[in-house]
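Trainee: I am new to this structure. Please take me through it, one question at a time.

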Amino acid sequence: MFTGGADSQRGDLVLPVRLPSGAGRWPRLVHFLNNPTTWHKVDLVRRRDASAPGGWAYEAHLMVLTSGYASPATKARRAAAADLDRVGGIDGNVFNLSVVSFPDTFDPADGAVHSTRVELTDAERAALEKARRKERGRKRALDRSRRATNPGQYAPSKRRQARAARRKSAGLPERHVHVPGGARAANKAGVPKQAYRRDTLSAGYRLDRARLAEAAATAAAAKDHRARRIAERIVGAHGVNLTVEDCDIRTWYRLWGRALQATTPGRLIAAIGKECEKTSGRLLRASTVTTKLSQTCLCGAQVRKSLADRAHTCTSCGLVADRDMVSAALAAHVRVQNPDDPSTAGLDTVQARTTQILFSPGLQEALSSQPQRGGRPSRGRTHAAAHGPGIPGRQASARRNTPDRYRPTPNETRPANQRHKDHVGTAARAGNTAARGGIPARELIGWHPNTG
């Protein structure tokens with residue numbers, strides 16, 4: 001690192017660096033540091049650290065202009081996945097993700113139908129609820145600290161006001177309230193009289209805020225890490241030729257709100273797409289307008305379902321299966337003329353019907369699953385719900401007594417042709433895979449974004 005200017009006589013500053021040690025670390029270090037010609041620059045960055053003075057830890061990062069590192073095991077796994085002659089479909093749901101794949105020849109002699117489900121287990125739900133309680137406790141501590149240091153900006157609570165009125169009528173002296181619990185002092189328009197940025201913040205408040213931000217960053221990193229791990233499992237089992245519906249995740253937030261923060265299906269779908277690209281494949285996106293997979297059967301018949309109907313029951317062919325698995329199986333039969341244009345996708349109903357006949361001995365087992373929990377959205381508005389543009393006050397609901405009971409499901413919303421960022425899912429704990437002589441392989445994977 002050169003420390004002098006243009007006319008300086010000072011030399012270079014050599015900084016001692018401690019390299020990370022451990023099994024498998026040395027090949028990674030050699031990959032990035034063995035060639036000094038790829039070293040670009042050193043940046044001073046900061047990251048959240050509640051134990052550091054001021055809540056920030058400062059580090060010097062070396063930028064290296066080279067490709068990412070892949071271990072020999074990773075290269076072998078990706079080569080094996082690229083050699084899998086399979087085509088599959090993905091159905092991204094709010095509370096789970098279903099994957100179904102077939103041999104690319106759609107011949108039972110070349111392989112069986114495989115299915116995988118990714119969802120939260122009871123233990124992971126309990127861990128998420130524990131993490132949410134801890135987060136709520138930290139946020140309440142922040143609110144109490146702000147109120148204690150800025151008592152003039154908050155009014156007493158209604159209970160305090162009633163108690164003060166009773167003490168005044170009884171002739172008792174007024175008690176001083178150290179932490180007012182009422183609303184923020186605001187004008188007639190509801191705007192706070194003093195901006196929040198002008199409040200006095202204590203050292204404890206800043207420490208709690210740093211801890212909250214650090215925990216959020218750790219949880220986000222854990223979600224990314226586990227999304228990559230589960231994406232590797234899916235691509236390694238179902239191949240690199242996958243198709244998913246092109247949905248707008250923002251529409252799901254209007255119905256389910258904060259429930260998506262636990263499962264984050266968009267994060268997982270984006271991780272699968274990146275893994276397909278690294279394995280010489282591609283995750284294709286199909287428009288929901290031209291395919292309508294959630295309302296179609298493998299036989300080609302239209303099966304209308306509401307948001308609360310989680311089972312697929314076809315009166316034409318008699319197929320009874322999980323609706324998400326059926327949609328994933330249909331996605332494997334989608335043909336896209338232009339891979340960059342989801343609107344050019346179409347469903348090959350003839351091939352889907354042929355597949356249903358050929359794989360009939362094991363197809364029913366592969367597409368069946370246990371009843372899902374949380375299939376219906378919460379009634380009324382959620383914390384993250386938003387009013388639709390031009391429809392003030394309208395609430396999204398999937399109750400059966402609503403006139404729009406058969407409105408399109410979130411899988412059939414408008415396609416997201418322009419996304420401001422990649423929506424990326426969550427993490428996973430691998431289950432067992434059973435595959436034997438013609439019997440379909442089923443896999444259940446659960447993930448927890450706040451561990452690891």
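Trainee: Does Val-100 count as buried or exposed, and what is its relative accessibility?

Mentor: Keep in mind that this is a predicted model. Val-100 sits in strand β4. Buried means under 20% relative accessible area. Val-100 therefore counts as buried, at a relative accessibility of 0%.

Trainee: How far apart in space are Val-100 and Ser-327, C-alpha to C-alpha?

Mentor: Start with the sequence, where 227 residues separate Val-100 and Ser-327. Then turn to space and go from C-alpha to C-alpha. That distance is 8.9 Å.

Trainee: What part of the protein chain counts as buried?

Mentor: The protein chain has twelve helices and twelve strands. Its accessible surface comes to about 25700 Å², and carbon and sulfur atoms hold 52% of that. The chain has 452 residues, and the part that counts as buried is 39%.

Trainee: Which residue in the loop between β4 and β5 is buried?

Mentor: That loop runs between β4 (96-103) and β5 (114-119), and Phe-106 lies in it. Phi of Phe-106 is near 55 degrees, a positive value in a residue other than glycine. The cut-off for buried is under 20%. At 9% relative accessibility, the residue that counts as buried is therefore Phe-106.

Trainee: What is the phi of Thr-264?

Mentor: Place Thr-264 first: it lies in the loop between α7 (259-263) and α8 (265-278). Thr-264 is buried, with a relative accessible area of 9%. Thr-264 is not a glycine, yet its phi is positive, at about 40 degrees.

Trainee: Are α3 and α5 roughly parallel or roughly antiparallel?

Mentor: Helix α3 covers residues 122-149 and helix α5 covers residues 203-238. Their axes come within 9 Å and cross at roughly 155 degrees. Angles over 145 count as roughly antiparallel. So α3 relative to α5 is roughly antiparallel.

Trainee: What is the handedness of that crossing of α3 and α5?

Mentor: The two axes come within 9 Å. The crossing of α3 and α5 is left-handed.

Trainee: Is Val-17 buried or exposed?

Mentor: Val-17 is placed in the segment before α1 (25-33). Exposed means over 50% relative accessible area. Val-17 has 64%, so it is exposed.

Trainee: How much accessible area does the nonpolar patch with Val-17 have together?

Mentor: Val-17 shares this surface patch with Leu-15, Leu-19, Trp-26 and Val-30. The patch is nonpolar. Together these residues have an accessible area of about 510 Å².

Methods:
Residues numbered from 1 in each chain as written. Predicted model: local features only at pLDDT ≥ 70, side-chain atom pairs only at ≥ 80, totals over all residues. Heavy atoms only, no water. Patch = residues over 30% accessible without salt bridge, like charges linked within 9 Å, V, L, I, M, F, W, Y side chains within 5 Å. Areas by Shrake-Rupley, 256 points an atom, 1.4 Å probe, with all protein chains shown as cover. Salt bridge = Lys/Arg side-chain N within 4 Å of Asp/Glu carboxyl O. Helix = DSSP H or I, 4+ residues; strand = E, 2+ residues; numbered from the N terminus. Buried < 20%, exposed > 50% of the residue type's maximum accessible area, 1.4 Å probe, protein only. Axes fitted to C-alpha atoms, helices over the stretch in contact; angles between N-to-C directions. Parallel < 35°, antiparallel > 145°, perpendicular 65-115°, else oblique. Left-handed = near helix turned anticlockwise from the far one by under 90°.
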